[in-house]
Amino acid sequence: MPDSDVLISLHDVTKAYKTPAGDFWALKGVDIEVAPGEFVGILGKSGAGKTTLVNLLTGVDHCTGGEIEVDGVAVHRLKENQAAKWRARNLGVIFQSFQLMPSLSLLDNVTLPMDFAGLYRPIRSAERALELLRAVEIDEHAFKLPSDISGGQQQRVAIARALANDPPIIVADEPTGRLDSSTAETIFAIFETLVQQGKTIFMVSHDPGFVRRYSRVIWLADGLVTDEPQFDVK
Amino acid sequence: MRSFQFTRSLWRPRWHKVTADLWGNKVRSFLVISSIAVGLFAVGLITSMYVLNGEDMEAGYSSVNPASIQVFTSLYEEDVLTHIRHVEGVRQVQGEYIFSLRVRRSGGEWKPIDIHAIPSIEQMDINRVHLEKGVWPPRDKEIVVDSYKLPELPVGVGGLLELELPSSRTRSLRLVGAINDQTIGSTGGGGFFLAPAQGYITLETLDWLELPNNQMNVIFVTVDRSPNDYAYLREVGNRVSDAVEQSGVTVYSTAIRAANDHPNRVYVDAISAVLFVLGFLVMFLSGFLITNTLSALLNQQVHQIGVMKTIGGRRGQIMGIYMVQIFIFGLLAFSIAMPLSSQVSYSLLGYFSQAVNTQQQGFRVVPVSVVLQLVVALIVPQVAAFIPILHGTRISAVEAMSGYSQSNPPNPKGWINQRLHDVRGLSRPLLLSLRNTFRRRGRLFLTLFTLTLGGAIFIGTFNVERSLSSYIERIGRYFMADVNLTFKQYYRIEEIESAIKEIPGVRQVEGWTAASGELMLPDGSVGETTRLLAPPSQSELVSPILLEGRWLGPADADSNVITVNERFRETYPNLKPGDIIQVKIAGRERDLQVVGFFRLAGKSSGYLAYGTYEYLSRVIHQPNRANTFRVRSEQPRLNLQEQQAMGRQIETHLEALGYQLADVEAGESLTATTADGLNILTIFLLIMALLIAVVGSIGLMGTMSLNVMERTREIGILRAIGASDRAVMELVLVEGALIGLMSWVFGVLLAFPISSLMSNAINLALFGAAADFTFTPTGVFLWLGVVSVLSVLASVGPARNATRLTIREVLAYE
């Protein structure tokens with residue numbers, strides 16, 4: 001893959017956590033490159049280091065060693081505030097447990113990243129949030145609170161929120177992990193549509209069900225990239 | 001509806017989060033606002049009372065145009081006043097005829113009343129009075145009395161008041177009004193609380209009372225400038241005295257008082273001193289209460305801070321959200337606390353102004369108090385919350401969301417955990433409660449400190465109250481006789497003694513004498529009026545509280561030695577035991593040697609000195625005779641009712657024998673009257689203790705409830721793994737009770753310095769000296785009760801709510 005085609009690059013990335021028992025190495029030297037428009041699935045069993053990888057890639061955590069570059073930005077060198085500003089404009093993050101603001105309506109949850117990024121005026125951001133909620137077919141509940149809707153619906157809102165500032169990259173951490181299979185299918189279909197629209201998606205999962213629908217699968221085991229599939233692929 | 005909601009969504013959503021958080025969790029918002037409000041209320045109440053207390057006293061006293069100089073003379077006529085009006089420095093002059101009669105009281109007994117016969121009473125401009133009930137001025141054969149003593153009279157306004165004339169005949173005057181006279185006690189002597197009832201009549205009414213109606217015996221003077229400058233007042237006072245004597249009138253005594261020096265100033269000052277110390281402590285208490293509350297609130301927001309950071313929120317933006325939220329909390333708390341504290345302080349002061357005879361100046365909001373409350377409401381919370389906000393926004397997004405600190409991982413081998421592990425026989429849930437208590441040491445410290453300070457102030461207030469009460473009990477040792485008799489004239493001591501001893505049960509009778517004297521200053525001018533009391537030198541009926549020097553004994557029988565009270569120390573700080581002072585008694589200057597200082601009821605009790613009967617009776621030319629007698633029963637420790645019964649028995653017996661009594665007073669009642677001012681302070685302290693308990697209680701409940709709310713999710717997990725509601729409840733209660741108990745122990749310890757600080761403040765104001773330290777278990781155990789009950793109540797409510805939620809709701813709780 002030529003360098004100009006690389007949007008995300010992780011080089012020899014390591015991460016150690018301090019524990020009372022001593023350092024625990026969650027990542028032991030990971031090398032990954034992702035091209036624009038790819039739908040990359042990082043698959044592995046629980047404890048393989050998938051969430052750590054997402055945290056490092058999104059800049060919410062810092063690696064112990066190695067380099068992470070996203071669209072020319074050395075994410076591993078960003079300070080906390082710089083990382084937040086960078087994420088606001090360049091990255092949409094989706095979590096397994098949705099992480100919506102419980103006191104805000106769905107519409108406000110989607111407009112919040114626009115408010116932080118300052119890319120849209122309030123009236124435009126509200127219109128855009130409604131458009132995004134419509135795109136994920138949840139606009140009829142726009143003024144409800146997260147606690148008033150189901151898990152699948154919450155994840156749709158989380159996707160709409162991730163798209164709020166129209167970032168080129170979406171990073172998702174087990175987005176279907178807490179959903180039933182039919183809802184998971186709907187959510188995955190939304191991701192596929194986004195890829196067709198030109199987004200790059202970096203998704204970690206331990207669900208073997210969608211393996212064949214990623215444009216590329218990277219297996220992770222014990223903090224290292226491996227060529228060996230970690231579970232049976234149907 | 002939808003368009004309205006959409007319009008609302010046009011606000012920046014971060015501000016929408018502020019209002020949504022406020023409204024979305026009403027119980028939490030209520031707890032936060034009430035915790036801040038209660039702290040503000042305490043600050044507002046105490047600062048308002050402090051300011052109004054002083055202002056009301058000074059403004060109220062100045063507004064009656066009090067006499068700066070009062071000259072007590074032999075009888076004189078109107079033309080003397082005309083002469084005085086021309087004396088340099090004199091602005092206004094007013095004459096009165098003041099004399100003592102006896103009035104029939106509610107119980108039927110006769111008590112002294114000072115009658116003020118005022119010429120041109122409708123134009124009276126010095127020592128103005130404030131009408132409280134009925135009418136002013138009185139007309140012919142009518143009387144108005146001071147409202148403080150009105151409850152002791154047998155009739156109310158409109159009734160007929162029975163007076164005993166010097167001839168022993170009785171006459172009635174229609175009681176037409178009750179007034180507030182702030183100048184009562186302004187001449188020194190016993191001060192306001194020892195003064196008898198005061199009656200006000202026209203000069204013309206004197207005829208009806210068998211007295212000449214064209215003569216007066218007191219001159220009231222105001223000065224042309226500097227009414228608060230004692231040196232100037234004394235200078236003008238001396239000129240007035242000289243002018244009076246030049247008119248052929250004898251000056252018996254002169255009293256000088258500044259226009260801002262209310263006779264009960266010492267009590268007002270003592271209240272102010274306590275308020276000042278309490279205000280200072282309460283500021284700290286509120287600060288900690290607010291810090292603690294906001295720290296608990298922000299702790300619940302850390303996860304959301306992490307999410308906001310992940311979706312692009314920068315530290316400044318997130319800090320802004322919480323600072324605005326806290327600003328709104330502060331503003332709401334202020335809007336509750338400010339009017340409430342103004343109203344309560346006004347009502348409380350209303351009670352005290354009546355008790356200490358000051359005139360309340362109407363309801364008003366105190367600007368300093370408002371500003372202080374605003375500062376505490378808007379700035380203290382921001383400062384208090386700054387560190388938790390900074391901490392919340394500084395931890396990395398991943399730590400905020402996971403609740404796991406990479407830089408500071410949990411340490412199961414910590415000292416406390418190890419010690420808890422070593423304790424055998426503890427059940428798992430109990431162990432969990434104990435571990436929970438010590439898990440967040442920063443929060444624990446804040447909670448403990450807030451509760452400790454509240455408890456220490458509460459206990460301290462009780463200690464100060466106890467210290468004052470025990471002092472009041474000690475005052476009783478100046479009045480150890482069961483019955484005190486005052487006669488209208490001097491009688492031979494042996495004669496009265498044998499007459500009283502005819503009554504069965506009488507053990508001892510002592511004849512005392514008393515005189516009024518004027519202190520002569522080194523420059524030859526007349527100083528303060530002093531009351532001299534003279535028990536026999538071997539008397540055992542006085543057990544004084546000595547400050548310095550010694551008391552009088554049999555060896556002093558014929559010597560010119562005296563002991564003087566704390567008021568002398570205040571006015572003449574250089575006076576030492578052994579010094580000689582000149583006092584004008586019965587028209588002649590005498591050298592008296594001060595051998596000791598004693599303490600009575602504070603600096604307001606007037607200038608009082610004890611000499612020996614043997615010496616003073618010679619000076620006043622009444623040897624072996626006395627007009628006051630002290631009687632002791634064979635039965636020790638009579639109570640008030642028994643003393644009063646004995647008094648009535650003696651009075652009946654003596655009157656049957658033809659002796660003329662002016663007053664019969666039980667020993668206990670004399671102690672109570674002397675200690676009236678101090679009693680007001682003890683009531684004030686109890687009210688303050690109650691207020692602090694309320695402030696501390698609401699703070700305690702808020703803090704503990706927030707602590708439990710924070711654990712709602714944890715409670716859900718415990719229930720999910722099989723913990724019963726009872727087990728959860730026990731877990732929370734043990735933690736609450738443990739925190740309450742620890743704060744109680746620390747509170748008791750901190751109460752020592754706080755009690756000492758408050759006692760010293762009040763004692764310096766009252767007596768001009770530091771206090772003897774008193775520690776009473778009352779406050780300690782009361783606070784233990786308050787803390788125990790509140791810890792349980794504050795923990796049970798949120799815990800019950802948590803156990804009522806379904807496990808799904810609880811796990812989704814944030």
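**Figure 1. Leu592(B) in strand β17 of chain B.** In this predicted model, strand β17 covers residues 588–598, and Leu592(B) sits within it. Leu592(B) counts as buried, because its relative accessibility is 1%. Setting aside neighbours within four places in sequence, Leu592(B) is in contact with Asn560(B), Ile562(B), Asp579(B), Ile580(B), Ile581(B), Val583(B), Ile585(B) and Tyr615(B). Phe684(B) lies 92 residues from Leu592(B) along the chain. The C-alpha atoms of these two residues are separated by 40 Å.

**Figure 2. The largest nonpolar core.** This core holds 136 residues. Which members touch the most others? They are Met49(B), Tyr610(B), Leu678(B), Leu681(B), Phe684(B), Ile762(B) and Leu766(B). Helix α6 of chain B, residues 265–299, supplies the largest share of the core, with 19 residues. Apart from this core lies another, of 46 residues. Its members include Phe99(B), Leu153(B), Leu209(B) and Val244(B). In soluble globular proteins, nonpolar side chains tend to be buried together.

**Figure 3. Contacts of Tyr610(B).** Residues up to four places away in sequence are not counted here. Tyr610(B) touches two tryptophans, Trp512(B) and Trp551(B). Other aromatic partners are Tyr478(B) and Phe598(B). Leu533(B), Val542(B), Leu552(B), Val561(B) and Ile562(B) also touch Tyr610(B). Pro535(B) and Thr563(B) complete the list.

**Figure 4. Asn264(B) in the loop before helix α6 of chain B.** The loop runs between β10 (251–256) and α6. Is Asn264(B) buried or exposed? Asn264(B) is buried, because its relative accessible area is 1%. Not counting residues up to four places away in sequence, Asn264(B) touches Phe192(B), Phe193(B), Val356(B) and Asn357(B).

**Figure 5. A nonpolar patch on the surface of chain B.** Val371(B), Val375(B), Ile379(B) and Val383(B) form the patch. Together these residues have about 340 Å² of accessible area. Val375(B) is placed in helix α9, residues 367–394. Val375(B) counts as partly exposed, because its relative accessibility is 35%.

**Figure 6. The salt bridge between Glu137(A) and Arg156(A).** The N to O distance in this pair is 3.7 Å. Glu137(A) lies in the loop between α4 (122–135) and α5 (151–162) of chain A, and Arg156(A) lies in helix α5, so the pair ties together parts that are 19 residues apart in sequence. Glu137(A) counts as exposed, at 58% relative accessibility. Arg156(A) is buried, with a relative accessible area of 14%. Over all chains, the structure holds 33 salt bridges.

**Figure 7. The salt bridge between Arg104(B) and Glu162(B).** The closest N and O atoms are 2.9 Å apart. The pair links distant parts of the chain. Arg104(B) is in strand β2, residues 90–104, and Glu162(B) is in strand β6, residues 160–164. The two residues are 58 residues apart. Both partners are partly exposed: Arg104(B) has a relative accessible area of 29%, and Glu162(B) one of 26%.

**Figure 8. The salt bridge between Asp556(B) and Arg550(B), and a network.** The side chains of Asp556(B) and Arg550(B) meet at 2.8 Å, N to O. Asp556(B) counts as buried, at 6% relative accessibility. Arg550(B) counts as partly exposed, at 37%. Salt bridges that share partners join Arg102(B), Glu164(B), Lys488(B) and Glu655(B) into one network. Side chains of opposite charge can pair when their charged atoms come close.

**Figure 9. Chain B and its domains.** Domain 1 is assigned residues 1–62 + 283–409. Domain 2 takes residues 66–258, and domain 3 takes 483–637. The C-alpha centres of domain 1 and domain 3 lie 60 Å apart. Chain B has 23 helices and 20 strands. Along its principal axes, the C-alpha trace spans about 100 × 60 × 50 Å. Of the 814 residues in chain B, 58% are buried. Among contacts between residues at least 6 apart in sequence, 81% join residues at least 24 apart. The accessible surface of chain B comes to about 32,700 Å². Carbon and sulfur atoms account for 57% of that surface.

Methods
Residues numbered from 1 in each chain as written. Chains lettered and ligands numbered in written order. Predicted model: local features only at pLDDT ≥ 70, side-chain atom pairs only at ≥ 80, totals over all residues. Heavy atoms only, no water. Domains from an automatic or database assignment. Patch = residues over 30% accessible without salt bridge, like charges linked within 9 Å, V, L, I, M, F, W, Y side chains within 5 Å. Areas by Shrake-Rupley, 256 points an atom, 1.4 Å probe, with all protein chains shown as cover. Salt bridge = Lys/Arg side-chain N within 4 Å of Asp/Glu carboxyl O. Helix = DSSP H or I, 4+ residues; strand = E, 2+ residues; numbered from the N terminus. Buried < 20%, exposed > 50% of the residue type's maximum accessible area, 1.4 Å probe, protein only. Core = buried A, V, L, I, M, F, W, Y, C linked by side-chain atoms within 4.5 Å. Contact = heavy atoms within 4.5 Å.
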